[in-house]
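Work through the exercises below with the sequence and the model at hand. Try each task before reading its solution.

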Amino acid sequence: MNFIVWKFFQIKEQFGDDMVDEHLKYEVEKYLASGLRPDYQRDLHLF
């Protein structure tokens, strides 16, 4: 889950809040249709 949050923070920093909202909508629709994306199935160890 940390990896997914990190990716969204990157999008927010690069493109702003509006893009985060649009990307979140897209990713939720994709998840509901196809399940979790393979590139989101990674761990991000923060400590």
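**Exercise 1.** How much area does the protein expose, and what share of it do carbon and sulfur atoms supply?

*Solution.* The model is a predicted one. Step 1: the exposed area of the protein is about 4,200 Å². Step 2: carbon and sulfur atoms supply 57% of that area. Step 3: of the 47 residues, 15% count as buried. Step 4: the C-alpha atoms fill a box of roughly 30 × 25 × 10 Å along the principal axes. The protein has 2 helices and 0 strands.

**Exercise 2.** Find the span of helix α2 from its first C-alpha to its last, and set it against the expected value.

*Solution.* Step 1: α2 covers residues 17-34, which is 18 residues. Step 2: at 1.5 Å a residue, 26 Å is expected. Step 3: the helix reaches 25 Å, close to that value. Step 4: Gly35 follows α2 and has a positive phi, near 90°.

**Exercise 3.** Which residues of α2 are buried, and where do they lie around the helix axis?

*Solution.* Step 1: the buried residues are Val20, His23 and Glu27. Step 2: viewed down the axis of α2, they fall within an arc of 70°, so they line one face. Step 3: the face turned away from the buried side carries the exposed residues Asp18, Glu22, Lys25, Leu32 and Ala33. Step 4: the cover over the buried residues includes α1 (2-15).

**Exercise 4.** Decide whether His23 and Arg42 are buried, partly exposed or exposed.

*Solution.* Step 1: buried means under 20% relative accessible area, and exposed means over 50%. Step 2: His23, in helix α2, has 16% relative accessibility, so His23 counts as buried. Step 3: Arg42, in the segment after α2, has 48% and therefore counts as partly exposed. Step 4: Arg42 is 38 residues from Ile4 in sequence, while their C-alpha atoms are 8.7 Å apart in space.

**Exercise 5.** Which residues form the largest nonpolar core, and what does Tyr40 touch?

*Solution.* Step 1: the core has 5 residues, namely Phe3, Phe8, Ile11, Val20 and Tyr40. Step 2: α1 gives the most to this core, with 3 residues. Step 3: in soluble globular proteins, nonpolar side chains tend to be buried together. Step 4: leaving aside neighbours within four places in sequence, Tyr40 is in contact with Phe3, Ile4, Lys7, Phe8, His23 and Glu27. Step 5: with residues up to four places away again not counted, His23 touches Phe8, Ile11 and Tyr40.

Methods:
Residues numbered from 1 in each chain as written. Predicted model: local features only at pLDDT ≥ 70, side-chain atom pairs only at ≥ 80, totals over all residues. Heavy atoms only, no water. Helix = DSSP H or I, 4+ residues; strand = E, 2+ residues; numbered from the N terminus. Expected span 1.5 Å × (residues − 1). Buried < 20%, exposed > 50% of the residue type's maximum accessible area, 1.4 Å probe, protein only. Arc of directions from axis to C-beta. Contact = heavy atoms within 4.5 Å. Core = buried A, V, L, I, M, F, W, Y, C linked by side-chain atoms within 4.5 Å. Areas by Shrake-Rupley, 256 points an atom, 1.4 Å probe, with all protein chains shown as cover.
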